[in-house]
Amino acid sequence: MKKAIVVASFGCSINDSRKKYIETIEVDNMEMCLDKLKENGYTHIFVVVTYIIPGIEYEIILKTIEKYRNDFEEIKISRTFLDDNMGKKEIDVIKSYVKTDLNNKECIERKHNFFTENYKFFQNTKCEFFPCHKTDDVENFNCLFCYCPLYALKGDCGGNYVIKNGIKDCSNCLIPHSKGGYEIIMSKIKDVIKLGSDF
């Protein structure tokens with residue numbers, strides 16, 4: 001048995017930055033990488049992606065892995081960061097590939113910080129518009145979703161909005177900025193991704 005961990009990242013969408021910092025580095029694409037691993041006798045592959053959402057780049061990686069499925073005894077891939085189901089399975093696979101004396105909780109807390117919920121909350125009190133909605137709970141006002149990702153879903157967003165002069169007005173909606181808002185938005189984010197991927 002010969003194991004390998006592959007880290008996949010799609011780089012940068014800003015042309016100047018990509019040319020200056022990324023294209024100067026020699027990096028294999030996923031097919032080239034898997035070909036090399038196959039040639040060098042690797043049998044078990046775990047692909048870790050750095051993608052935030054499961055967009056087209058992630059789909060390309062999934063299709064490539066499926067193409068090479070029969071070339072290895074085992075080939076697995078992690079889910080993207082914004083995925084309500086992520087965590088335990090990735091940790092279990094990573095631990096099977098990396099020697100560690102840490103238990104599950106320690107591994108998660110020290111290496112991945114999945115046991116905290118800090119990623120669900122951010123507040124910028126220095127913002128000129130803070131708080132951007134009227135609220136009685138300024139201390140817990142969440143700025144993580146400054147612009148609500150669900151706005152594009154129109155009437156299916158689930159929020160408290162009104163139509164003024166033909167424009168969707170969300171001034172009275174506090175879902176993105178309140179406790180539990182993260183979970184609500186993440187439960188609908190796939191609809192936003194689908195909408196943005198429908199060309």
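**Leucine 62, helix α2 and the three-stranded sheet**

Leucine 62 sits in helix α3. In this predicted model, leucine 62 comes out as partly exposed, at 28% relative accessibility. Its partner across the fold is isoleucine 77: 15 residues separate the two in sequence, and their C-alpha atoms are 7.8 Å apart in space. Isoleucine 77 belongs to strand β3 and is likewise no buried residue, since its relative accessible area of 22% makes it partly exposed; the cut-off for buried is under 20%. Once neighbours within four places in sequence are set aside, the contacts of isoleucine 77 are Phe46, Val47, Val49, Tyr58, Ile61, Leu62 and Ile65. Isoleucine 77 can also be placed relative to isoleucine 5: the two are 72 residues apart along the chain, with 9.7 Å between their C-alpha atoms.

That brings in the sheet. Three strands make up an open sheet, ordered β1-β2-β3 and paired in parallel. β1 and β3 are the edge strands, each with a single partner, so one side of each has no neighbour in the sheet. From one strand to the next, the twist averages 15°. The parallel pairing of β1 with β2 runs over six bridges, and within this part of the sheet isoleucine 5 stands opposite phenylalanine 46 of β2. Phenylalanine 46 turns up again among the contacts of isoleucine 77.

Two helices pack on these strands. Helix α3 touches β1, β2 and β3, and its direction makes about 170° with that of β3. Helix α2 also lies across β1, β2 and β3, and runs at about 170° to β1.

Which residues of α2 are buried? Within α2, residues 30–39, they are Met30, Cys33, Leu34 and Leu37. These four span an arc of only 95° around the axis, which puts them on the same side of α2. The spacing fits a simple rule: an α-helix has 3.6 residues a turn, so residues three or four places apart point the same way. What do the buried residues of α2 pack against? Their packing partners are β1 (3–8), β2 (44–49), α3 (56–67) and β3 (74–77). So far as α2 is concerned, then, the buried side faces both the strands and helix α3.

The surroundings of α2 are worth a look too. At the N-terminal end, asparagine 29 acts as a cap, with a side-chain oxygen 3.1 Å from the backbone nitrogen of glutamate 31. Following α2 comes glycine 41, with a positive phi near 80°.

Zooming out, the chain holds six helices and five strands. Read from the N terminus, the elements follow the order β-α-α-β-α-β-α-α-β-β-α. The chain has 199 residues, of which 29% are buried. Its exposed area is about 14100 Å², and carbon and sulfur atoms contribute 52% of that. Among contacts in the chain with a separation of 6 or more, 58% link residues 24 or more positions apart.

Further along the chain, two loop residues can be described in some detail. Asparagine 142 is located in the loop between α5 (104–112) and β4 (162–164). Is this loop residue buried or exposed? Asparagine 142 is buried, with a relative accessible area of 4%. A polar atom of the asparagine 142 side chain lies 2.7 Å from the backbone oxygen of lysine 120. Apart from neighbours within four places in sequence, asparagine 142 contacts Lys120, Phe121, Phe122, Pro176 and His177. Lysine 120 thus appears both in that contact list and as the residue whose backbone oxygen faces the asparagine 142 side chain.

The other loop residue is cysteine 170, found between β5 (167–169) and α6 (181–196). With a relative accessible area of 25%, cysteine 170 is partly exposed. Cysteine 170 and glycine 159 are 11 residues apart along the chain, and their C-alpha atoms are separated by 7.7 Å. Leaving out neighbours within four places in sequence, the contacts of cysteine 170 are His133, Tyr151, Asn160 and Tyr161.

Terms used. Residues are numbered from 1 along each chain as its sequence is written. This is a predicted model: local features need pLDDT of at least 70, side-chain atom pairs count only at pLDDT 80 or more; totals for chains, interfaces and linings use all residues. Side-chain values use heavy atoms; hydrogens and water are left out. Buried means under 20% relative accessible area, exposed over 50%, partly exposed in between (1.4 Å probe, protein chains only). The arc is that of the directions from the helix axis to the C-beta atoms. Contact means heavy atoms within 4.5 Å. A polar contact is a pair of N or O atoms within 3.5 Å; within protein, one must be able to donate a hydrogen and the other to accept it, and residues adjacent in sequence count only if both atoms are side-chain atoms. Accessible areas come from the Shrake-Rupley method with a 1.4 Å probe; for residues, only the protein chains shown count as cover. Two strands pair if DSSP finds at least two bridges between them. Axes are lines fitted to C-alpha atoms, for helices over the stretch in contact, and angles run from 0 to 180 degrees between N-to-C directions.
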